[in-house]
Structures are given as C-alpha cells and as structure tokens.
Amino acid sequence: MKLLMLFLSLPAFAQSFPKGFQWCVATAGHQVEGDNVHSDWWAFEQIPGAIKNGERSGKASFHMDRVREDVKLMKDLGVKTYRFSIEWSRLEPREGEFDTKAFDYYAEELRLLKEAGIAPMVTIHHFVQPQWFSASGGWNREDAPDVFLRYVTKLEERFGPRVGYWVTFNEPTVLLIGGYGEGFFPPAQKNWKLWKPAIQILKAHAKAYRHLHAKAKERGQTIKVGLAHHLRPISSNQFLLKRPVAYADSILNWSLPLALKTGVLKAFQKKELLGLGWPWPARIELPEIKGTQDFLGINYYTREDIRVQLKKPHLARDPFPGLEASELNWGLDPEGFFEVFKQAKAHFPDMPYFVTENGLADAKDRWRGRYLISHVKQIHRAITELGANVEGYCHWSLLDNFEWHEGFWPRFGLFEVDYAGGGTRKARPSAEVARRIFKSNSISSF
Ligand code: BGC
C-alpha cells in the first residue's frame, strides 16, 4: 500500500520545486510609483514624439498611493520575494542632497513587506537617473562610479539591514542601446558610443558590490548582489549568418556578465579605416570588477532572430509566421528559456541563477496563464536536467505599468490597473494560475 501511495505521489513530487524556492513578482519604481518628477525619464516624456501617443508616466500605476494594498495582493498570491526598484531621483533630487521623506517612504514599504513575510529584492538602478545626473554627463561622467557609490552608501545606511538581495543594475545592455545607441531612452544620444558608459556602469556596479558586502560583513549579515541581465537565444535560419549570430550573442548576452567574472570586457569598438568606421574587436582589462557577481539575474521574454531584409540586417522579436506572439508581437517561446539556462550553465556553471523577469503584454489575458506554466516548466527542466541552481522566479509584472517609450498600452500585469479610475486593481484570471503555482511550490496540477 505504502509503495502504491509513493508511486501515485511521484508525478506530483517530480513537478515540485526545491524547498525555499523564491516565487516572486517584479516591478520598477518609475513604471509603477507615479510622480517621479526629478527623473530624467520625466523630462524625456515631455519631448514630443518620445513616448507613443504622447503619454506621460504621471501617476503611473498609483503604487505609492496604494502600497499597502499591493503588498496585500502579493501576500494573497503567495509571493515570497518582491523585486522592486528604489528611485535614485527621489532620494537624491539634487546632487548631494538627500530627501528624508523619500527614504521614509521606502522604509515603510520595506516594513510592510516584512510584516507580510515577503523578502525584498531591491533593484538600485532600473533605467532611470536623476535629471542632474544626466544633465551633467550621466554615465559618461568621469566620476559616475563614485557618484553612484555615494547614493548607494546612503541607501545601504538606511535599508542595508533589511535587504538580502540587491540588483545593482537592470539590463545594462538595454540601457546602453536605448540611451546611447538607438536613442529610445534618455539621454537619447544616438551615436553608438557605448564603450565609455558601459565601463562606467560596470565600475559603478563593482564599487556598489564591494561596499554592500563590506557593510553586510560588519553586521554579520549574508547578502547576495547581482545584476538583472536581458538574455535571449539569438539565432537565424540563414546558414551564412552563423558568425553574426555568434557575435550578437557574445556582445548582447554575455560580454558584460563575463566581464564581471573575468575582469576583461570584450566587445567591439569603431575604428576608422579607409575613411569608414569599422567594428573592431577590443578588450579592456578591468581587474577591479572581477568576481563581483553572486548570482546571475535572468530577464527572459523571447528569443531573437537575425534577419536580413533589403534595408539592413536586424534583430527581430516577432516570431516566424504561424507561431504565437504577445501583443508586442514578441514570440511565445518557452524552449528559448531553456536554451538560456543551457548557455548560462556553459558560462557560469556553478553560479546560482535567479529569474528576475519573465512575462508578456496580454491585455485580455489570452496567453498569460499558459505562458506562466510553460515557462515555469522550463525552469523545472533546467533544475532537473541541467542541475541548474535556480533560486527563484519573478513574474513581470504584478501590475500593468508604464512601459517606457511604448506608454501605457502594453499590459504586463497579473492585475489589471484602471488608470482612468484612480488605479483600481482587478485580478486577471492568470493571477489564479500564479497563486496555485506559488502556493503549492509546484506545477503538478497543470
Ligand atoms: C524591463 C522592464 C520592462 C519589460 C517589458 C524589461 O526589459 O526590465 O522594465 O517593462 O522588459 O518590456
């Protein structure tokens, strides 16, 4: 009888996640809080044409007004960790001047989370800078890493004892391409001079890493510090593009994470030759950043393909014909998620991974439930088949929010936000799917 019971419970057991697995939802300050008036994004939103339909973040998802309610929503969902970002421009609205009230707000948010039994994962920088920082050169400033460290020191002083997971930067490659390449983010410098800001960001991260660890050590506290990297398999169905695929993969996905492992940043620099600017392989030694990553934060949404059209080769997120896509036309591709884990295993075999974002734009909730299940299954596969040490999974997002240059139309929330109605929240059916997974720590019932 006992044997039979064991046998019957095996499939369920096989779909369970390790004890202590961190089920999580993620948001970012500027996208949900509202009134982020001292930020460079706020200024950028005033420029005609910068944001689709001329929208502005305004009250965003009214999170500051509804923080209690949001913590309750998370508790009811069975969330163990909440990943959110603290807004630099609120805390330091003018260079060197810190706003005590803003600190109090985040202290209260951390208190509410503690009361609800939810661990915080704090993102220090999620795409947004104070206006004074950007106006004075931003990530091209010579002293940018020290300016960042001054802010982190203040953060740590007030919040350090309550935070176990820090994400210094969210998606540095997206920040660099958006801000200094394609220009869809501030400071909208479309000159593709990414080298200097990339180095400054890496150095800023390393300084923050060392400071956070030094202080935690003084207190006898264990913390983990990492970044959230935008990772996606890059492929092409054209054989001739094998090399460009490999370059794109190494630069877009792995050059920054690997630089933190090796202390060497490998990428491309423009070189003038025969009157033309050519991409030239380059490497720079940055010994001070070596070994400054405790976990690999993985943001995965979809795969990307290199396609050649008459105009120019480009990276495409839209799926090949016949495959399903979200409302942003990003292909739904759980297999791609598994590929990311395989690559992560090859580059960082012994490092813990944390899925810091995964989700889709789906206002009518047509796919979100299935998306959630199918992607969580791939994590289970990565744990069981690859022996990956995955510590947690954050769904992007708890709420509909301000989707950067796209404005408000893409809806990523497990909870729908009624923007016109003061931010009332309404659970989408997929929130129930999340609740079942989070509370049972398994996907057995699907
Ligand atoms: C970013 C989020 C964003 C999400 C969906 C990620 O790249 O970290 O801020 O909302 O993707 O586009």
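1. In this predicted model, a good place to begin is the salt bridge that Lys 59 forms with Asp 35, in which the closest N and O atoms are 2.8 Å apart. The pair joins distant parts of the chain, since Lys 59 sits in the loop between α3 (40-45) and α4 (67-77), whereas Asp 35 belongs to the loop between α2 (29-32) and α3, the two residues being 24 residues apart. Side chains of opposite charge can pair when their charged atoms come close. For the model as a whole, the count comes to 34 salt bridges.

2. Turning to the ligand, 13 residues surround the molecule, and those that come nearest are Gln 31, Asn 170, Glu 171, Glu 357 and Glu 403. Sorted by class, this shell consists of 6 nonpolar, 4 polar and 3 charged residues.

3. Particular side chains deserve a closer look for their polar contacts with the ligand. A polar side-chain atom of Glu 171 is placed 2.6 Å from an oxygen atom of the ligand, and for Glu 357 an N or O atom of the side chain is 2.9 Å from a ligand oxygen atom. Tyr 301 also takes part, with a polar side-chain atom 3.4 Å from an oxygen atom of the ligand, a distance to be read against the 3.5 Å cut-off applied to such pairs. Of the 310 Å² of accessible area that the ligand has on its own, the protein covers 95%.

4. Tyr 301 returns in the account of enclosed space, where the count comes to 1 cavity of 30 Å³ or more. The volume of the largest cavity is about 30 Å³, a value to be read against that cut-off of 30 Å³. Its lining is made up of Tyr 301, Thr 302, Ser 326, Trp 330, Gly 331, Leu 332, Gly 359, Leu 360 and Tyr 371. By class, the lining of the largest cavity has 5 nonpolar residues, 4 polar residues and no charged ones. Tyr 301 thus appears both in this lining and in a polar contact with the ligand.

5. Among the open spaces, the second largest pocket has a volume of about 280 Å³. Its lining comprises 17 residues, and Ser 250, Ser 255, Leu 258, Lys 266 and Ala 267 are the ones that lie nearest its centre. At least two lining residues are supplied by each of α11 (242-262), β7 (264-273) and β8 (276-285), and the largest share, 9 residues, comes from α11. The class composition of the lining of the second largest pocket is 10 nonpolar, 4 polar and 3 charged residues.

6. Some points of backbone geometry should be checked by anyone preparing the coordinates for further work. Which peptide bonds are cis? One is the bond from Pro 186 to Pro 187, with omega near 10°, and Pro 187 is located in the loop between α9 (172-180) and α10 (195-219). Another is the bond from Trp 396 to Ser 397, which is cis with omega near 15°, and here Ser 397 lies in the loop between β13 (390-396) and β14 (415-418).

7. A last backbone point concerns Phe 127, which has a positive phi of about 70° although this residue is not a glycine. Phe 127 is found in the loop between β3 (119-125) and α7 (131-135).

How values were computed:
Residues are numbered from 1 along each chain as its sequence is written. This is a predicted model: local features need pLDDT of at least 70, side-chain atom pairs count only at pLDDT 80 or more; totals for chains, interfaces and linings use all residues. Side-chain values use heavy atoms; hydrogens and water are left out. A residue is near a molecule or strand if one of its heavy atoms lies within 4 Å of it. A polar contact is a pair of N or O atoms within 3.5 Å; within protein, one must be able to donate a hydrogen and the other to accept it, and residues adjacent in sequence count only if both atoms are side-chain atoms. Accessible areas come from the Shrake-Rupley method with a 1.4 Å probe; for residues, only the protein chains shown count as cover. Ala, Val, Leu, Ile, Met, Phe, Trp, Tyr, Cys and Pro count as nonpolar, Asp, Glu, Lys and Arg as charged, and the others, Gly among them, as polar. On a 1 Å grid over the protein atoms alone, a cavity is a set of points where a 1.4 Å probe fits but cannot get out, and a pocket is an open set with protein on both sides within 12 Å along at least five of seven lines; lining residues have an atom within 4 Å of a point. Grid points are joined across faces, edges and corners, and a volume is the space filled by probe spheres set on the points. Helices (H or I, at least four residues) and strands (E, at least two) are DSSP runs, numbered from the N terminus. A salt bridge is a side-chain nitrogen of Lys or Arg within 4 Å of a carboxyl oxygen of Asp or Glu.
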